[in-house]
Amino acid sequence: MEIGKLPNDVLEKIVLSNIKNKREEVLVRAAVGEDNAIIDFGNNLCVMSTDPITGATKDIGRLAVHISCNDVSTSGAEPMAVLMTILAPPNTTEKDIENIMREAGEVAKEINVEIVGGHTEITDAVNRIVISTTVIGKQSKEKLPNSKEIKVGDKVLITKYVGIEGTSIIAKELEEQLIDKIGKNKLDVAQNMDSMLSVVKEGIICGEIGVRYMHDITEGGVLGAVWEASKATGKGIEVLEESIPIKDVTREITDIIGIDPYRLISSGSMLIIAEDEKVSTINEELNKVGIKVTAIGKIIEEGIILNKNGEISSIEPPEADELYKALSLHK
């Protein structure tokens, strides 16, 4: 099978179709385009998400905490606790584990979550370190986004820039191949884009404002996220390619490597669907905390389409992320 997340059609066919038992306490369950499970605990909702780190070898302690906390924040929830599993090959040193936990501890402090447990194991079942994190968050019922309220004309927004995580990982993993092509200053900019990986602030703020849907832009990039959002909400989406915000260094690196920046993993950017009347408030509140937000499209009757200077094409389902293509150059 191809490296990366299972294609959504395969996921539905062999994974989701085998989840038979349903409980009434589960308000949001496993589905394409849903970042979290949400369970009714009475006065509050329990929001949970889990994710592994497999595409990077550097700064994986930081990435592991960020990615699952980001998913929880797409429901407007506050991440509270992290469970972390570390599977490491026999050649791993104590220093390697210490570095991972130092990074994870620093990020947990930054976004105010506690690492409450997990599992650490040396095993020959893996050939490099694999980390999986599960995050638990808390959300009030009144503030939970409701995608059923989405209407034609609602705006599709994204925060920051596309390709944040992918750019940072590629710049670190392929440093030797890139430094002569783009120079040290640009390489430093690209590597330091991991400072923008968290979407917890925008998730909580937009949850307070009251938006209709949020989705963390991860594997498959912004176009993959748009496709998944359309499937999750049952609505059509039109995206204007020229409106999609992308940093110059991301464009330059992806051009050099020959990959599509709009299909590149983009943790650090949140896709938001909100009614037109709330867009100015979202802009104002996110700008207060230094977060850029851009309108890239709108909800339409049907279809998932990309408008490139008036040329219309269909947005296809996400396949293997462009990151894996880039990292193949490192082998």
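1. Contacts of asparagine 70. In this predicted model, asparagine 70 is in contact with Leu197, Ser198, Val199, Val200, Asp216, Ser267 and Gly268, leaving aside its neighbours within four places in sequence. Asparagine 70 has a relative accessible area of 0%. Because buried means under 20%, asparagine 70 counts as buried.

2. The helix that holds it. Asparagine 70 is found in helix α2, which covers residues 60–73. Burial is not confined to asparagine 70: 14 of the 14 residues of α2 are buried. From its first C-alpha to its last, α2 reaches 20 Å, close to the 20 Å expected for its 14 residues at 1.5 Å a residue.

3. The sheet. Six strands make up an open sheet with mixed pairing, in the order β1-β2-β3-β6-β4-β5. At the edges are β1 (26–28) and β5 (114–122), each of which pairs on one side only. From one strand to the next, the twist averages 20°. As background, strands of a sheet pair through backbone hydrogen bonds, and the pairing is either parallel or antiparallel.

4. One strand pair in detail. Strand β3 (residues 44–53) and strand β6 (residues 130–140) run antiparallel and are joined by 10 bridges. To find one of the bridge partners in the model, start at proline 52 and look for serine 132 in β6.

5. A helix on the sheet. Helix α3 (residues 94–110) lies across β4 (78–88), β5 and β6. The direction of α3 is at about 170° to that of β4. Of the strands that α3 lies across, β5 is an edge strand, and β6 is the strand that carries the bridges to β3.

Note on methods:
Residues numbered from 1 in each chain as written. Predicted model: local features only at pLDDT ≥ 70, side-chain atom pairs only at ≥ 80, totals over all residues. Heavy atoms only, no water. Pairing = 2+ DSSP bridges. Helix = DSSP H or I, 4+ residues; strand = E, 2+ residues; numbered from the N terminus. Axes fitted to C-alpha atoms, helices over the stretch in contact; angles between N-to-C directions. Contact = heavy atoms within 4.5 Å. Expected span 1.5 Å × (residues − 1). Buried < 20%, exposed > 50% of the residue type's maximum accessible area, 1.4 Å probe, protein only.
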